[in-house]
Amino acid sequence: YLAEGRLVVVSALTKGRLPDIAVSLAMLGVDVYVEGLGRDAVDISLGNDGWWCSHDVNLGFTAEAASSQNGGFRSFWAGKGRIKMVDTHEQREWLLESKEGRVVAAPSGMYTGGRIIGYVRRHMPNPDAVFMITNYQAEGTRGHDLLRAVREGKKEASFEDFRGKEFAVPVRARVKVYQMSGHLAGGENIAFVKYLW
């Protein structure tokens, strides 16, 4: 999708999947912009001088302060791709307005709140955008409703904004599902990341 110049929005659960996805993509040479509480999860996962989650595995990531070299984003870098932290309102607005091929990883994984909602509002109506759902969508969540709307060919889905106000949005973006098990932990995540490396 990136080669086609599409904006790719990855919805992921903050703890576990979001850092795993960000690290995996960066190790493959893809820059990933991390939103909301996902930043804290990545800081915890890689904040020990590149040591993954305090395990005895050094993935070689180094922390970088915001600079012109990394587009003004605080980041983690491993020589291929960068994990760029979306720390400011201006950075978020730049991403929300972006029409170029980028990957944004944003919580909440079940579309029940969090930074994903801003991307839904702005980019779900965009047929050039891609939303990648990476985890189970429990019944009663907006993510479950979105998947049902896509399956049934409905033209719109409902979400709630930060104030709890419901809004409907046209579903024109591609919605793809990648079921990543939530049962991996510790060494299994490391083995997965090392396999991709």
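Start by selecting strand 5, residues 82–85. Arg82 and Lys84 point one way from this strand, Ile83 and Met85 point the other way, and all of them are buried (under 20% relative accessible area with a 1.4 Å probe, protein chains only; over 50% would be exposed, and in between is partly exposed). In a regular strand the side chains alternate between the two faces of the sheet. Strands here are DSSP E runs of at least two residues and helices are H or I runs of at least four, numbered from the N terminus.

Before you click on, a word about the source: this is a predicted model, so local features need pLDDT of at least 70 and side-chain atom pairs count only at pLDDT 80 or more, while totals for chains, interfaces and linings use all residues. Residues are numbered from 1 along each chain as its sequence is written, and side-chain values use heavy atoms, with hydrogens and water left out.

**Either side of strand 5**

Add strand 2 (residues 32–34), which pairs with strand 5 in the parallel sense over three bridges; two strands count as paired if DSSP finds at least two bridges between them. Look for Tyr33, which stands opposite Lys84 in strand 5.

Next, bring in strand 4 (residues 74–77), which runs antiparallel to strand 5 and is joined to it by four bridges. Trp77 has Arg82 in strand 5 as its bridge partner. The two strands make a hairpin with four residues between them, and Gly79 in the turn has a positive phi of about 90°.

Which residue stands opposite Ser75 in strand 4? Select Glu64 and you have it. Strand 3 is joined to strand 4 by three bridges, and these two run antiparallel.

**The whole sheet**

Now show all the strands of this sheet: eight of them form an open sheet in the order 3-4-5-2-6-1-7-10, with mixed pairing. Strand 3 (62–64) and strand 10 (174–177) are at the edges with a single partner strand each, so one side of each has no neighbour in the sheet. On average, neighbouring strands are turned by 25° against each other, direction ignored. Axes are lines fitted to C-alpha atoms (for helices, over the stretch in contact), and angles run from 0 to 180 degrees between N-to-C directions.

Switch on helix 5 (residues 142–151), which lies across strand 7 (130–133) and strand 10, at about 115° to strand 10.

**Into the core**

Try Tyr111, Ile116, Val120, Met124, Phe131, Leu146 and Phe159: these have the most contacts inside the largest nonpolar core, which has 28 residues. Such a core is a set of buried Ala, Val, Leu, Ile, Met, Phe, Trp, Tyr and Cys residues joined through side-chain atoms within 4.5 Å. Elements giving two or more residues to this core include strand 1 (7–11), helix 3 (89–97), strand 6 (102–106) and helix 4 (116–123). Helix 4 gives the most, with four residues.

Zoom in on Phe131. Leaving out residues up to four places away in sequence, Phe131 touches a set of residues that includes Val9, Tyr119, His123, Ala173 and Val175, where contact means heavy atoms within 4.5 Å.

A second, separate core of 24 residues includes Leu18, Met27, Val30 and Leu46.

**Helix 4 and its surroundings**

Select Ile116, Ile117, Tyr119, Val120 and His123, the buried residues in helix 4. They cover an arc of only 160° around the axis, which puts them on the same side of helix 4; the arc is that of the directions from the helix axis to the C-beta atoms. What covers them includes strand 1, helix 3, strand 6, strand 7, strand 8 and strand 9.

Is Arg92 buried or exposed? Buried, at 11% relative accessible area. You'll find Arg92 in helix 3, with a polar contact of 2.9 Å between its side chain and that of Glu35 (a pair of N or O atoms within 3.5 Å; within protein, one must be able to donate a hydrogen and the other to accept it, and residues adjacent in sequence count only if both atoms are side-chain atoms). Beyond its neighbours within four places in sequence, Arg92 also contacts residues including Arg39, Val86 and Tyr119.

**Last stop: the loop**

Finish in the loop between strand 6 and helix 4, where Tyr111 sits. Tyr111 has a positive phi of about 60° although it is not a glycine, and it is buried at 0% relative accessibility. Ser108 is in this loop too, and the peptide bond from Pro107 to Ser108 is cis, with omega near 10°. Most residues other than glycine have a negative phi, and most peptide bonds are trans.
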